[in-house]
Amino acid sequence: MTLTGKQLIGYTAAASGTKTFSNDDVDVRFFEATAAEVDQAARLASDAFARYRQLSGVTRAAFLERIAHELSLVRAPLNEMAQRETGLPSARLDGEITRTINQIKLFAALITEGSWVRAMIDPAQPDRQPLPKADIRQMQIPLGVIGVFGASNFPFAFSVAGGDTISALAAGCCVVYKSHPGHPATSEMTGDAIVRAARATDMPEGVFSLLQGAGHESGVQLVTHPLISAVGFTGSLAGGRALFNAAAQRAEPIPVYAEMGSVNPVILLPGILAEKSADLAKTLAGSNTLGTGQFCTNPGVFLALDSNETNSFLQTYANTIAATPADGMLTEPICKSYAKGIARLSNHPEVKAMATGQATEKKRSGIPNAFKTSVAAFLKDASLQEEVFGPSALHVVAGSREELIEAIRQMHGQLTLSVWGTPQDLVDYSDIFKVLELKGGRIICNGVPTGVEVTHAMMHGGPYPATTDSKYTSVGTQAIYRFTRPVCYQNYPQHLLPAPLLNENPLNVWRWVNGQPQQGPLTTSA
Ligand code: NAP
């Protein structure tokens with residue numbers, strides 16, 4: 001396809017502004033979305049929502065399936081363009097496209113089946129004493145138009161057709177997507193595939209629009225637009241927090257589901273360090289440097305008790321990092337911010353440099369680094385808990401079991417926390433787990449945090465600063481509930497009720513009747 005560099009507003013490519021940007025990787029200038037274009041996209045989406053929200057789950061699923069199909073038709077050029085724009089290798093991008101397509105199909109299956117609407121029926125009790133009880137029914141309905149922001153490090157899975165857009169569309173919401181300036185061409189190509197799918201399945205124009213921008217203006221305009229009902233964001237703490245604050249200051253505040261960074265602490269228990277400290281050090285150094293450390297689940301802080309086994313683990317970890325070559329980083333700002341983070345740790349009086357990897361000629365090169373500090377220093381300075389986005393790790397050594405637990409207790413909110421231990425360690429240190437579950441969304445036993453499965457039970461979220469709302473996940477089918485709200489229908493006549501709440505249950509969805517799961521027509525009136 002020929003790139004236009006324009007906004008995709010409904011079914012039209014538009015460029016009314018004069019400000020442009022480019023990313024050096026493609027020979028196209030991209031037009032910054034103007035305030036008028038943000039407004040146009042939001043209005044069109046709001047109009048489309050009136051029809052889109054009424055479509056059946058099966059009809060919306062056909063749209064999602066078609067998006068998956070359109071993406072599969074252009075996967076080779078998409079992969080090639082994403083390589084140019086992000087520097088990520090082809091195999092990694094190919095896996096990410098597959099994951100994105102499978103994720104879309106999972107949401108299509110979810111809304112085809114239909115029970116996700118959480119239909120509940122508490123039938124009336126007209127004879128109840130002393131007062132009759134009304135008929136009360138509840139289900140989830142879509143919120144409206146969602147503003148979505150993707151991250152640079154996943155140009156597909158957390159981008160234009162990624163989890164936020166797809167879960168919003170699955171819920172029955174329309175989407176205005178603000179493209180990431182790190183991969184605007186990949187974004188336009190993906191957006192174009194969504195537009196083709198929308199046309200082919202006769203979706204209302206405006207169900208999806210894509211805006212380009214390399215400054216913060218259009219993003220802030222989107223979040224503060226009165227027709228936007230919620231925001232899905234994946235990116236940095238600074239970006240997520242800025243948009244969260246902007247949304248909170250609106251005349252009508254709206255939810256911002258910002259999924260941000262994390263240091264994903266890894267706790268190493270004594271038994272397993274005695275058993276296989278060298279293997280563990282190599283595995284964890286590999287996880288830390290995977291993809292030049294540019295994963296939100298990258299393990300950035302390690303905790304262990306002071307011992308000979310820990311020292312031997314640290315020695316192998318340092319040797320592995322020292323032998324690891326630098327690789328390219330995604331964008332210039334990310335590369336600069338990594339250098340700043342490394343300088344902050346290198347200059348810290350209570351942090352010791354353990355190892356630095358091999359420099360290379362790679363563009364936007366990120367050299368792996370490992371540092372060491374004590375629990376006392378870690379607890380004294382909260383900046384040591386900040387994410388250094390890239391291949392950097394801080395090893396925190398505890399003088400006692402109590403110190404180790406205190407360090408976990410004072411940990412900021414995390415996407416993940418991992419524990420490595422023998423079966424006996426997991427018994428001896430079981431008290432740690434009670435603290436861990438208060439600190440993060442996903443607790444992992446004997447595994448690396450990198451790699452997030454897209455399933456029903458996945459939780460990819462966590463207490464602030466990992467996200468702005470710890471109750472929700474951005475990965476897996478439960479992500480849909482960020483973009484819905486429950487409505488209660490009291491004493492409604494049958495002809496006014498939505499299909500999932502009708503007595504005969506024409507969609508045959510699972511429902512909670514008087515708090516009990518039930519499928520088929522309503523069988524109780526008490
Ligand atoms: P980013 O710089 O925050 O960019 C994300 C998006 O937000 C871009 O569209 C950016 O566009 C916009 N943005 C940033 N600051 C803004 C502001 N103040 N006002 C308005 N818009 C703003 O993030 P990134 O560098 O791409 O991604 C790296 C970060 O994402 C890391 O911290 C990583 O851990 C995190 N991440 C988290 C997850 C997760 O699931 N939790 C997944 C992947 C990555 P402009 O630059 O044009 O403003």
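Domain bounds here come from an automatic or database domain assignment. The model is predicted, so local features need pLDDT of at least 70 and side-chain atom pairs count only at pLDDT 80 or more, while totals for chains, interfaces and linings use all residues. Residues are numbered from 1 along each chain as its sequence is written, and side-chain values use heavy atoms, with hydrogens and water left out.

**Exercise 1. Work out what surrounds the ligand.**

Step 1: count the shell. A residue is near the ligand if one of its heavy atoms lies within 4 Å of it. That gives 30 residues, with His180, His216, Ser236, Glu387 and His460 the closest.

Step 2: sort the shell by class. Ala, Val, Leu, Ile, Met, Phe, Trp, Tyr, Cys and Pro count as nonpolar, Asp, Glu, Lys and Arg as charged, and the others, Gly among them, as polar. You should get 14 polar, 13 nonpolar and three charged residues.

Step 3: trace the shell back to domains. Domain 1 (9–15 + 26–124 + 133–260 + 473–481) and domain 2 (266–445) each supply at least three residues.

Step 4: go down to elements. Helices (H or I, at least four residues) and strands (E, at least two) are DSSP runs, numbered from the N terminus. The largest share, three residues, is from α8.

**Exercise 2. Find polar contacts to the ligand and say how well it is covered.**

Step 1: set the cut-off. A polar contact is a pair of N or O atoms within 3.5 Å; within protein, one must be able to donate a hydrogen and the other to accept it, and residues adjacent in sequence count only if both atoms are side-chain atoms.

Step 2: check side chains. Histidine 460 puts a polar side-chain atom 2.8 Å from a ligand oxygen atom, and lysine 178 has one 3.0 Å from an oxygen atom of the ligand.

Step 3: check the backbone. A backbone N or O atom of glutamate 259 sits 3.5 Å from a ligand nitrogen atom.

Step 4: look at cover. Of the 900 Å² of accessible area that the ligand has on its own, the protein covers 91% (Shrake-Rupley method, 1.4 Å probe; for residues, only the protein chains shown count as cover).

**Exercise 3. Spot the backbone oddities in the loop between β20 and β21.**

Step 1: look for cis bonds. Tyrosine 464 and proline 465 are joined by a cis peptide bond, omega about 10°, and proline 465 is in the loop between β20 (440–445) and β21 (484–490).

Step 2: check phi. Asparagine 446, in that loop, has a positive phi near 50°.
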